[in-house]
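Biologist: Could you take me through this model, with a close look at the metal site and what lies around it? I would like to see how the wider fold frames that one part.

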Amino acid sequence: MVIIIEKDTKEKVIESIIKKLDQEGFDIHRSTGIDHTILGVIGNTNKLDIRDIKLMEGVGEAYRITAPYKLVSREFKSQNTTFKVRDVEIGGDETVIMAGPCSIESKEQIMTIAESVAKAGAKILRGGAFKPRSSPYSFQGLGEKGLEYMREAADKYNLAMITEVMDKDQIELVESYTDIIQVGARNMQNFSFIRALGKSSKPVFLKRGIAATIEEWLMSAEYILSGGNKNVIFCERGIRTFETYTRNTMDISAIPIIQKLSHLPIFADPSHGTGLRNKVIPMARAAVAAGANGLMIEVHNDPDKALSDGAQSLYLEQFADLMKQIRIIADVIGRKVA
Ligand code: PEP
Ligand code: MN
């Protein structure tokens, strides 16, 4: 941390700041210029609340120079994290596509969609059995029956599977079916829940909170890694802004930012990112061009009758067409799509 002392501060005041930090176990490097005195605070400054420092007499400004997260950072681990989910490599040269319905609605529905997305090149089947709906009166998902149908569909078409877990009590049940655990946007900062996922043996797909900064998102991943689970995938799914035209504002820039700050893979979900079917394909193309490690796309065999998120779900043929387009885009940046 760097502290800039206010101009004309009395020596006695500067010394009391140094003394206080010294007593807390920090090493202080002082440099005295003509107008300004600057203090470099060395040690684990994560435990300091920067607001307390800024409120001290004589302090003009204070800045952190190291990130509050460690295990997720590129500084801690320079090589990209890669891991396998069944036979699918995440974080490598392939842009991995997850596709499927918002919710599992019936066995026939998930079978039809799984067959079609697998044929088009998706490697992972998505679908919700426990749904975080804004209204308690909306369809809440099929629960365990949905998980059963989904596992059967994934196995039949040689796909890995990802589904959402909504709270701590469901972890064990969902883990017994799924290959990847999805943490929904609304749960990104449910700390007791994400801490529990640090003990899971399954990779965690961490959706960005609706109003989360990139640093808050990285800190949530830090919770999971610090619990011992090293396999976390970030997912940009749009954030709440003043713009109302789209359901959320898709932050494509989060992709290269996360890739610079962290060694963990990042996917993009343009379905929730835009909320509008006709905006999903352009934003999916943009995310692949930006270098995303993968995409999550909502696809439905009959979107007009879907029980959730039909308006943002692609028709089966549209998804197949998107796959053809992103193969070309991935090639341009030296990546590949199956
Ligand atoms: C979903 O993937 O269906 C979902 C509910 O996502 P999010 O948590 O990003 O809203
Ligand atoms: Mn959805």
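What share of the contacts in the protein chain with a separation of 6 or more comes from residues 24 or more positions apart? And which residues hold the manganese ion (ligand 2) as its protein donors?

Modeller: Happy to, and please keep in mind that this is a predicted model. To take your contact question before the metal: residues 24 or more positions apart account for 67% of the contacts in the protein chain with a separation of 6 or more. The chain has 338 residues, of which 52% count as buried. There are 11 helices and 14 strands in the protein chain, and along its principal axes the C-alpha trace spans about 75 × 45 × 40 Å.

Now to the manganese ion (ligand 2). Its protein donors are C102 through SG, H272 through NE2, E298 through OE and D309 through OD, at 2.1 to 2.4 Å from the ion. Written as a sequence pattern, the spacing of these donor residues is C-x169-H-x25-E-x10-D. Look at the long gap at the start of that pattern: C102 sits in the loop between β7 (96-100) and α3 (107-120), while H272 belongs to helix α9 (residues 270-274), so the pair links parts of the chain 170 residues apart. Both C102 and H272 are buried.

The next thing to look at is the largest pocket, which has a volume of about 260 Å³. It is lined by 18 residues, and the closest to its centre are P132, R186, R247, H272 and D309. Two of those names should be familiar, as H272 and D309 are among the donors of the manganese ion (ligand 2). By class, the lining of this pocket divides into 9 charged, 6 polar and 3 nonpolar residues.

There is also an enclosed space to compare with that open one. The model has 1 cavity of 30 Å³ or more, and the largest cavity holds about 30 Å³ of space. Its lining is made up of R126, G127, G128, K131, I162, T163, E164 and Q182. Strand β9 (residues 160-164) gives the largest share of that lining, 3 residues. Here the classes come to 4 polar, 3 charged and 1 nonpolar.

Moving out to the wider fold, Y177 is a good residue to click on. It is found in the loop between α5 (171-175) and β10 (180-183). Which is it, buried or exposed? Y177 counts as buried because its relative accessible area is 16%, and the cut-off is under 20%. Its side chain makes a polar contact of 2.6 Å with the side chain of E144. Setting aside neighbours within four places in sequence, Y177 is in contact with E144, L147, E148, R151 and M161. For M161, which is 16 residues away along the chain, the C-alpha atoms are 8.4 Å apart.

E94 gives you a charged residue to set beside Y177. It lies in the loop between β6 (88-90) and β7, and because its relative accessible area is 18%, E94 is buried as well. The side chains of E94 and K123 are joined by a polar contact of 3.1 Å. Beyond four places in sequence, the contacts of E94 are K123, N293, R335, K336 and A338.

V85 makes a further stop, in strand β5. With a relative accessible area of 3%, V85 is buried. Apart from residues up to four places away in sequence, V85 touches I90, A160, D179, I180 and P203. By contrast, I28 is 57 residues from V85 along the chain, and the C-alpha atoms of the two are separated by 47 Å.

Finally, two backbone angles deserve a glance. R86 is in the loop between β5 (83-85) and β6, and its phi is positive, about 55 degrees, although it is not a glycine. N158, in the loop between α4 (144-156) and β9, is also a residue other than glycine with a positive phi, near 55 degrees. N158 counts as exposed because its relative accessibility is 62%, where the cut-off is over 50%.

To come back to your chosen part, the picture I would keep is of C102, H272, E298 and D309 around the manganese ion (ligand 2), with H272 and D309 also among the residues closest to the centre of the largest pocket.

Definitions and conventions: Residues numbered from 1 in each chain as written. Chains lettered and ligands numbered in written order. Predicted model: local features only at pLDDT ≥ 70, side-chain atom pairs only at ≥ 80, totals over all residues. Heavy atoms only, no water. 1 Å grid on protein atoms, 1.4 Å probe; cavity = no way out; pocket = protein on both sides within 12 Å on 5 of 7 lines; lining within 4 Å. Points joined across faces, edges and corners; volume = space filled by probe spheres on them. Helix = DSSP H or I, 4+ residues; strand = E, 2+ residues; numbered from the N terminus. Nonpolar A, V, L, I, M, F, W, Y, C, P; charged D, E, K, R; others polar. Donors = N, O, S within 2.8 Å, 3.2 Å for Na, K, Ca; no water. Buried < 20%, exposed > 50% of the residue type's maximum accessible area, 1.4 Å probe, protein only. Contact = heavy atoms within 4.5 Å. Polar contact = N/O pair within 3.5 Å; in protein donor to acceptor, adjacent residues only side chain to side chain.
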